[in-house]
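This report describes a complex of two protein chains and two DNA strands. It treats in turn the loops, the sheets, the chain interface and the surfaces near the DNA.

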Protein chains: 2
Amino acid sequence: MRKIAESTVRRLSLYLRFLEEFEEQGIETVSSEALAARGGTTSAQVRKDLSFFGSFGKRGLGYSVAELVQKIRGILGLGRTYRVAMIGAGKIGSALVQYRGFLQRGFEIVSIFDADPAKVGKAWNGLTVRDVKEFEAEVRRCPVDIAVIVTPADVAQSLTDRCVALGIKAVLNFAPVQLSVPDDVVVKTVNLALELETLSYALTNR
Amino acid sequence: MRKIAESTVRRLSLYLRFLEEFEEQGIETVSSEALAARGGTTSAQVRKDLSFFGSFGKRGLGYSVAELVQKIRGILGLGRTYRVAMIGAGKIGSALVQYRGFLQRGFEIVSIFDADPAKVGKAWNGLTVRDVKEFEAEVRRCPVDIAVIVTPADVAQSLTDRCVALGIKAVLNFAPVQLSVPDDVVVKTVNLALELETLSYALTNR
DNA sequence: CTATACTTGTGAAATCTTTCACAAAACGCT
DNA sequence: AGCGTTTTGTGAAAGATTTCACAAGTATAG
């Protein structure tokens with residue numbers, strides 16, 4: 001398939017959220033204009049984004065909400081559940097484990113690891129925190145699709161390397177570092193400092 | 001000043017992190033090539049990014065690390081501290097309050113609010129959680145530059161409106177909703193579901 | 001059955017961002 | 001001082017993304 005811009009994929013994910021809202025409200029049909037209004041973009045943008053994947057609407061009518069939800073879920077690969085390993089049982093890891101949206105959207109946390117002996121063995125949301133030394137053994141026994149790195153910056157890269165060695169192809173990184181991985185592995189980094197600094201820039205330059 | 005792309009600002013923030021690392025390592029001078037290598041971009045990109053704000057290097061030599069750190073800090077508006085209000089004392093709020101990088105980078109959390117009476121009055125990292133009913137009174141007494149929204153989705157917009165009414169110009173939003181604000185207010189949303197879904201897309205389409 | 005109103009899907013145009021490529025500057029060496 | 005090496009700063013080219021604008025469907029009403 002032709003290369004799709006990351007911005008397009010992010011918007012599809014947003015559209016999906018709005019469509020699910022519409023569905024809950026019992027709205028059966030939506031125009032690109034209405035969807036755009038809800039998401040702060042333009043109708044042309046919505047139609048263009050969708051057009052990369054097919055034509056899902058009816059001229060004069062708009063899109064069937066239920067159908068478009070299905071199509072976008074398909075495009076985003078949300079028709080299955082993903083198995084997630086959480087690496088790091090600190091504050092943020094703890095918050096994420098309890099975040100219901102995770103499971104709700106098909107991302108199931110199946111294991112948690114930490115290096116701190118004080119944390120190992122504790123139960124968290126029905127899962128036992130394991131020693132990160134057992135990471136390889138555990139992942140081989142109970143494979144995962146996605147690793148979430150919630151560790152201090154200094155160990156994030158080496159843990160990522162271990163994930164890569166195990167064949168994990170997707171990493172969500174909360175450590176404030178730039179991770180390097182082979183081309184066939186995808187990393188998303190959520191960098192709080194970066195977000196704050198763009199706010200700082202915006203506050204300063206206006 | 002000419003409009004600067006968000007992507008440029010984000011890269012500047014990254015460069016700053018790398019430059020600080022270099023500084024710690026005692027490296028005094030850096031070329032655009034070296035900075036690019038560290039950040040996974042190209043030297044031309046680095047030079048172009050910087051060129052929007054001035055010319056900070058010496059031909060043949062590169063950039064003085066210390067000087068470039070200062071310049072970028074200036075560009076990003078990091079020469080001051082920002083006062084931050086945390087709205088929502090749940091798991092994520094709790095994790096953020098304890099995140100040292102916040103204060104380290106000049107963002108000082110000065111107040112925490114929650115609607116849950118069970119949480120109000122508790123001390124957190126030296127701060128007392130206040131009832132969100134007192135939000136206006138408290139912010140007027142102790143003004144803030146940035147509000148961090150860490151609440152359930154359904155109250156995020158109304159709290160944002162209250163921030164706007166108080167004259168707060170920057171919001172960092174962790175609630176999984178699209179916030180609408182006037183043009184002179186800037187919002188950054190960190191949307192976990194979105195990040196997971198881009199991973200899902202990447203895992204599916206390869 | 002025709003006219004009217006709407007809304008999609010999509011090439012083409014406009015805009016924005018990144019990459020290229022090279023003159024100009026700075027330094028060290030002889 | 002002149003020469004070779006390095007690296008910046010920046011127009012221009014290439015590439016990517018967004019917006020425009022309109023033909024082509026679809027429905028409804030008379």
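Is Asn125(A) buried or exposed? Asn125(A) is exposed, because 10 other C-beta atoms lie within 10 Å; here a residue counts as buried with 20 or more other C-beta atoms within 10 Å of its own, as exposed with 12 or fewer, and as partly exposed in between, the C-beta atoms being placed from the backbone. This is a predicted model, in which local features need pLDDT of at least 70 and side-chain atom pairs count only at pLDDT 80 or more, while totals for chains, interfaces and linings use all residues. Residues are numbered from 1 along each chain as its sequence is written, and chains are lettered from A and ligands numbered from 1 in the order in which they are written.

**Loops**

Asn125(A) sits in the loop between β5 (123–124) and β6 (127–131) of chain A. Helices (H or I, at least four residues) and strands (E, at least two) are DSSP runs, numbered from the N terminus. The phi angle of Asn125(A) is near 60°, a positive value in a residue other than glycine. Most residues other than glycine have a negative phi. In chain B, Asn125(B) has a phi near 55°, also positive in a residue other than glycine, and is found in the loop between β5 (123–124) and β6 (127–131) of that chain. Asn125(B) is exposed, with 10 other C-beta atoms within 10 Å.

Another loop of chain B, between α6 (100–104) and β4, holds Gly106(B). Gly106(B) is partly exposed, with 16 other C-beta atoms within 10 Å. Leaving aside residues up to four places away in sequence, Gly106(B) touches Leu78(B), Arg80(B), Thr81(B) and Tyr82(B); contact requires that the C-beta atoms, placed from the backbone, lie within 7 Å. Gly106(B) and Lys119(B) are 13 residues apart in sequence and 27 Å apart in space, C-alpha to C-alpha.

**Sheets**

Chain A contains an open sheet of seven strands in the order β5-β6-β4-β3-β7-β8-β9, with mixed pairing. Two strands pair if DSSP finds at least two bridges between them. The edge strands of this sheet are β5 and β9 (186–189) of chain A, each pairing on one side only. β5(A) and β6(A) are antiparallel and joined over two bridges, and Trp124(A) stands opposite Leu127(A) in β6(A).

In chain B, an open sheet of seven strands likewise has mixed pairing and the order β5-β6-β4-β3-β7-β8-β9. Its edges are β5 and β9 of chain B, each of which pairs on one side only. The antiparallel pair of β5(B) and β6(B) has two bridges, with Trp124(B) opposite Leu127(B) in β6(B).

**The interface between the chains**

Contacts link 45 residues of chain B with 45 residues of chain A. On the side of chain B that touches chain A, α1 (6–24), α5 (91–98), β8 (170–173), β9 (186–189) and α9 (192–204) each supply at least two residues. The greatest contribution to that side, 13 residues, is from α9(B).

α9(B) lies across β3 (82–87), β4 (107–114), β7 (146–149), β8 (170–173) and β9 of chain A, at about 165° to β8(A). In turn, α9 (residues 192–204) of chain A lies across β3 (82–87), β4 (107–114), β7 (146–149), β8 and β9 of chain B, at about 165° to β8(B). For these angles, axes are lines fitted to C-alpha atoms, for helices over the stretch in contact, and values run from 0 to 180 degrees between N-to-C directions.

A turn of 180° and a shift of 0.0 Å along the axis lay chain B on chain A with an RMSD of 0.1 Å. The two copies are therefore related as by a two-fold rotation axis. The same surface serves both copies, since 100% of the contact residues of chain B recur in chain A. The superposition is by least squares on the C-alpha atoms of residues with pLDDT of at least 70 in both copies.

**Surfaces near the DNA**

A residue is near a strand if its C-beta atom, placed from the backbone, lies within 6 Å of it. DNA strand C is surrounded by 28 residues, the closest being Ser55(A), Gly57(A), Gly60(A), Ala5(B) and Gly60(B). Around DNA strand D there are 28 residues, of which Ala5(A), Gly60(A), Ser55(B), Gly57(B) and Gly60(B) come nearest. α3(A) gives the largest share near DNA strand C, six residues, and α3(B) gives the most near DNA strand D, with six residues.

The table sorts three surfaces by class; Ala, Val, Leu, Ile, Met, Phe, Trp, Tyr, Cys and Pro count as nonpolar, Asp, Glu, Lys and Arg as charged, and the others, Gly among them, as polar.

| Surface | Nonpolar | Polar | Charged |
|---|---|---|---|
| Side of chain B that touches chain A | 24 residues | twelve residues | nine residues |
| Surface near DNA strand C | eight residues | 13 residues | seven residues |
| Surface near DNA strand D | eight residues | 13 residues | seven residues |

Notes
Two residues are in contact if their C-beta atoms, placed from the backbone, lie within 7 Å.
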